[in-house]
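Please go through the model shown below with me, taking the interior before the individual helices and loops.

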Amino acid sequence: MTEQPHHQFNESDFQHMLDSMFAAENEELLAKMREQIKHDEQLAELSKAIGIDDEKLVQSLMDMGITAHSMAALTMYPMVCVAYADGVLNMEERDLIMKMAGEWNMKPGDAGFEVLNHWLVDGPSKDGFAVWKKYIQTVITQMTPQQIADLKVSIMSRSNAVATAVGDVLGRFGNRTNKAEDALLAEIESVFP
């Protein structure tokens, strides 16, 4: 009978062997943990930037691509929705929205500009308008009546300009908007008291 080689494992050898067996799993868990921490930090940063503690609303805004650095785009979301009300973004509507973005100091490379451009390329998300409405309804609870009125005029005038952009180019007489745009304009206006 031959003798089997006898290995002696000390505790550090055993721990090293266990660590190597689970290294991939540990790295995956660490990556998930880092991702969760980053997400939580972004959530807290956006919540602080907009002054809203409603975690579901802040998460919904993040799902739309909004961060503390891209909040400016959020004020333009209804214009994107109006532009897509008929299912198609026309060049006149896109050009006008980009002009408005420039007036609000949004430039290529800025986070807000990039989010806005994404919305213009892909169109508004299915739930985006409802999230925008909830955001506005939450924000206006912290505003004076004059601030609310100013915000309403700003959003409505820009949204109306987008709705009539194509009608103006085509030289339509009478109603320069279509039914889908009219319905959306009414819904935007209904958000405000």
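Q: How many residues does the largest nonpolar core have, and which helices each supply at least two of them?
A: In this predicted model, the residues with the most contacts inside the largest nonpolar core are Leu 61, Leu 116, Trp 119, Trp 132, Tyr 135 and Ile 136. The core has 48 residues. At least two of its residues come from each of helix 2 (23-50), helix 3 (55-63), helix 4 (77-83), helix 5 (91-103), helix 6 (111-122), helix 7 (128-139), helix 8 (145-170) and helix 9 (179-190).

Q: Which residues does Trp 119 touch, leaving aside those up to four places away in sequence?
A: Trp 119 is among the residues with the most contacts inside the largest nonpolar core. Once residues up to four places away in sequence are not counted, Trp 119 touches Met 64, Ile 66, Ala 73, Leu 74, Tyr 77, Val 80, Tyr 84 and Pro 124.

Q: Where do the buried residues of helix 3 lie, seen down the axis of the helix?
A: The buried residues of helix 3 are Leu 57, Val 58, Leu 61 and Met 62. Seen down the helix axis, these residues fall within an arc of 140°, so they line one face of helix 3. On the other side of helix 3, the exposed residues are Glu 55, Lys 56 and Asp 63, whereas the buried ones lie on one face, within that arc of 140°.

Q: Which residue caps the N-terminal end of helix 3?
A: Just after helix 3, Gly 65 takes a positive phi of about 100°. At the N-terminal end of the helix, a side-chain oxygen lies 3.1 Å from the backbone nitrogen of Lys 56, and the residue that supplies this oxygen as the cap is Asp 54.

Q: Is Glu 181 buried or exposed?
A: Glu 181 is found in helix 9, and, not counting residues up to four places away in sequence, Glu 181 touches Val 82, Ala 85, Glu 93 and Ala 163. Because its relative accessible area is 4%, and the cut-off for burial is under 20%, Glu 181 counts as buried.

Q: Is Asn 105 buried or exposed?
A: Asn 105 lies in the loop between helix 5 and helix 6, and it has a positive phi of about 60° although it is not a glycine. Because its relative accessibility is 54%, and exposed means over 50%, Asn 105 counts as exposed.

Q: What share of the 193 residues in the protein is buried?
A: The protein has nine helices and zero strands, and it exposes about 12100 Å², of which carbon and sulfur atoms supply 55%. Of the 193 residues, the buried share is 33%.

Conventions: Residues are numbered from 1 along each chain as its sequence is written. This is a predicted model: local features need pLDDT of at least 70, side-chain atom pairs count only at pLDDT 80 or more; totals for chains, interfaces and linings use all residues. Side-chain values use heavy atoms; hydrogens and water are left out. A nonpolar core is a set of buried Ala, Val, Leu, Ile, Met, Phe, Trp, Tyr and Cys residues joined through side-chain atoms within 4.5 Å. Buried means under 20% relative accessible area, exposed over 50%, partly exposed in between (1.4 Å probe, protein chains only). Helices (H or I, at least four residues) and strands (E, at least two) are DSSP runs, numbered from the N terminus. Contact means heavy atoms within 4.5 Å. Accessible areas come from the Shrake-Rupley method with a 1.4 Å probe; for residues, only the protein chains shown count as cover. The arc is that of the directions from the helix axis to the C-beta atoms. A polar contact is a pair of N or O atoms within 3.5 Å; within protein, one must be able to donate a hydrogen and the other to accept it, and residues adjacent in sequence count only if both atoms are side-chain atoms.
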